[in-house]
Amino acid sequence: HAGTTILPLLSQVEGASFTEEQIAALSHRIQFGGDEVVQAKDGAGSATLSMAYAGARFTFSLLRALTGETGVSECAFVESSVTDAPFFATRIALGTEGVASIGGLGELSGFEQEGLKEAIPQLISSYEKGVQFVKK
């Protein structure tokens, strides 16, 4: 989840409307925001607080679902057939057994479709490198 493998779906933000220039600028900031944090900290840290918050939020949602609350969903990087990549991040529904269902991508803008085409080969390559690392 770095750089261009992060695919902001700004076209799916309800009630928002962006120009092409705003989409390009916002997408870049979202994709490379972690780099900005490292630069701001002069190399002395990273965006760990954001990762910790995301982990805590997911854990609380999972616990709610495991105890029977319905309608609980989060975005997660899971094994799926949504794209050609064996793992991909989409919205998932959580239930008493864990992942109840894996959502799709929804309708993508042309800009997002191009971003997806760029991201998939990189995700597949990262997956393959991870598999090789584990086999060693």
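Leaving aside its neighbours within four places in sequence, which residues is Leu123 in contact with? The legends below take up this point and others in a predicted model.

**View 1. Surroundings of Leu123 in the predicted model.** Once the neighbours within four places in sequence are left aside, Leu123 is in contact with Thr5, Phe77, Ala85 and Phe88. Ala85 and Phe88 also belong, together with Leu123 itself, to the largest nonpolar core of the structure.

**View 2. The largest nonpolar core, made up of 7 residues.** The members of this core are Ala85, Phe88, Leu105, Leu108, Leu116, Ile120 and Leu123, and helix H3 gives the most to it, with 3 residues. A second core, separate from this one, has 6 residues, among them Ala65, Ala76, Ile92 and Leu94. In soluble globular proteins, nonpolar side chains tend to be buried together.

**View 3. The salt bridge between Arg57 and Glu74.** The structure holds 3 salt bridges, and in the one formed by Arg57 with Glu74 the closest N and O atoms are 3.0 Å apart. Because Arg57 lies in helix H2 (residues 48–66) and Glu74 in strand E1 (residues 72–79), this pair ties together parts that are 17 residues apart in sequence. As to accessibility, Arg57 counts as partly exposed, at 41% relative accessibility, whereas Glu74 is buried, with a relative accessible area of 8%. Glu74 is placed in the buried class because its value is under 20%.

**View 4. The salt bridge between Glu69 and Arg64.** Here the closest N and O atoms of the two side chains are 3.1 Å apart. Glu69 is partly exposed, with a relative accessible area of 39%, and Arg64 likewise counts as partly exposed, at 36% relative accessibility.

**View 5. The salt bridge between Glu114 and Lys117 within helix H3.** The closest N and O atoms of Glu114 and Lys117 are 3.4 Å apart, and both residues lie in helix H3 (residues 110–135), where they are 3 residues apart, or about one turn of the helix. Glu114 counts as partly exposed, at 47% relative accessibility, while Lys117 counts as exposed, at 57%. The two residues fall into separate classes because the exposed class begins over 50%, a cut-off to be read alongside the 47% of Glu114 and the 57% of Lys117. Helix H3, which holds this charged pair, is also the element that gives the most to the largest nonpolar core.

Terms used. Residues are numbered from 1 along each chain as its sequence is written. This is a predicted model: local features need pLDDT of at least 70, side-chain atom pairs count only at pLDDT 80 or more; totals for chains, interfaces and linings use all residues. Side-chain values use heavy atoms; hydrogens and water are left out. A salt bridge is a side-chain nitrogen of Lys or Arg within 4 Å of a carboxyl oxygen of Asp or Glu. Helices (H or I, at least four residues) and strands (E, at least two) are DSSP runs, numbered from the N terminus. Buried means under 20% relative accessible area, exposed over 50%, partly exposed in between (1.4 Å probe, protein chains only). A nonpolar core is a set of buried Ala, Val, Leu, Ile, Met, Phe, Trp, Tyr and Cys residues joined through side-chain atoms within 4.5 Å. Contact means heavy atoms within 4.5 Å.
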